[in-house]
Amino acid sequence: MHTKEEKLKAFSRLLDIQERLRKECPWDRKQTYESLRPHTVEEVFELTDALIKNDSKNICKELGDVMEHIVLYSLIGSETGDFDIADVCNMQSDKLMFRHDFIDWQGWELSNHEMRINSAGQVVYKDESATSIQYSQAPETSAQVESTWEQQKQKERDGNKTVLSGVPLSLPSLIKAFRIQEKARNVGFDWENRDDVWNKVREELSELETELKKGDKETSTRELGDFIFSIINAARLYDLNPDNALEFTNQKFIQRFNYIEKKAYESGCELKSLTLEEMDKLWNEAKKINNEN
């Protein structure tokens, strides 16, 4: 591992290289927030793929691609005089210190001139009175931190105005549902007994089946959404990540289906010429090969 000085030197090198590219490379020079955004989305998904595969080499590589975009966005911001990479880092540092009020930050620096560090070592706004200091026992678990996270975020004067406004509209629907539920839980809106969620799941499934029998596609679509939302809720309550679970099943299906396609090709048949029974037999073979149920 590298020393702090080596890490700073490496980051400084990246800044220098990106600044030169912005001046001398036609592609880098023409980029704007709007033109770069789709590429950033792609890079994040490539990083996600590497994370799913637990591929350390590619995680490192894709993190570099994402970091390059952060540096380039910051360069664009500096050209308009709005912000630069130092502002990005300082704003994030201040935010992290403010949200972690159970850590003693005395002796540390703040960049936000509207804030100060009080006698308890908490980051607060300068116009808050000394009597606003609240001493609390430091959390010992991740769950204890999460239980007060949203309340602390709501104290930020330039932060999100509502609990759910921090959920990006562009998030994939499954992940968005999970984050909505997490944020609601963090302010106390949750099931008291997690087992009770199954009654809700069964209720939503029954309503979906009823509408499907009626043949009302629009209403059935809404009920399907309610059912999926309830399943995601159940997963969350049992500390399971539904997006990871679904991706695991996606990969499992791809692997088995590829086996069927491969066997069809080896036998000189077109895939669509196989009967369902023949496909099902190959499907079960694929399961046995991978010791799956």
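Biologist: What is the relative accessible area of Lys-200?

Modeller: The model is predicted. Lys-200 counts as partly exposed, a class that lies between under 20% for buried and over 50% for exposed. The relative accessible area of Lys-200 is 30%.

Biologist: Which residue forms a salt bridge with Lys-200?

Modeller: The partner lies in helix α8 (residues 197-214), 3 residues from Lys-200, about one turn of the helix. This partner is partly exposed, at 38% relative accessibility. The closest N and O atoms are 3.5 Å apart, and the residue that forms the salt bridge with Lys-200 is Glu-203.

Biologist: Which residue meets Arg-222 in a salt bridge?

Modeller: Arg-222 is partly exposed at 47% relative accessibility. Its partner is 4 residues apart from it in helix α9 (residues 217-237), so about one helical turn separates the two. The N to O distance is 3.3 Å, and the partner is Glu-218.

Biologist: Which helix holds both Glu-24 and Arg-20?

Modeller: The side chains of Glu-24 and Arg-20 meet in a salt bridge of 3.0 Å, N to O. Glu-24 is exposed at 51%, and Arg-20 counts as exposed at 55%. The two residues are 4 apart, about one turn, and both lie in helix α1.

Biologist: What is the radius of gyration of the protein chain?

Modeller: The secondary structure comes to 11 helices and 2 strands. For 293 residues the globule rule gives 19 Å, and the chain is well over this, so it is more spread out than a compact globule. The radius of gyration is 26 Å.

Key:
Residues numbered from 1 in each chain as written. Predicted model: local features only at pLDDT ≥ 70, side-chain atom pairs only at ≥ 80, totals over all residues. Heavy atoms only, no water. Rg over C-alpha atoms; globule rule 2.2 N^0.38 Å. Salt bridge = Lys/Arg side-chain N within 4 Å of Asp/Glu carboxyl O. Buried < 20%, exposed > 50% of the residue type's maximum accessible area, 1.4 Å probe, protein only.
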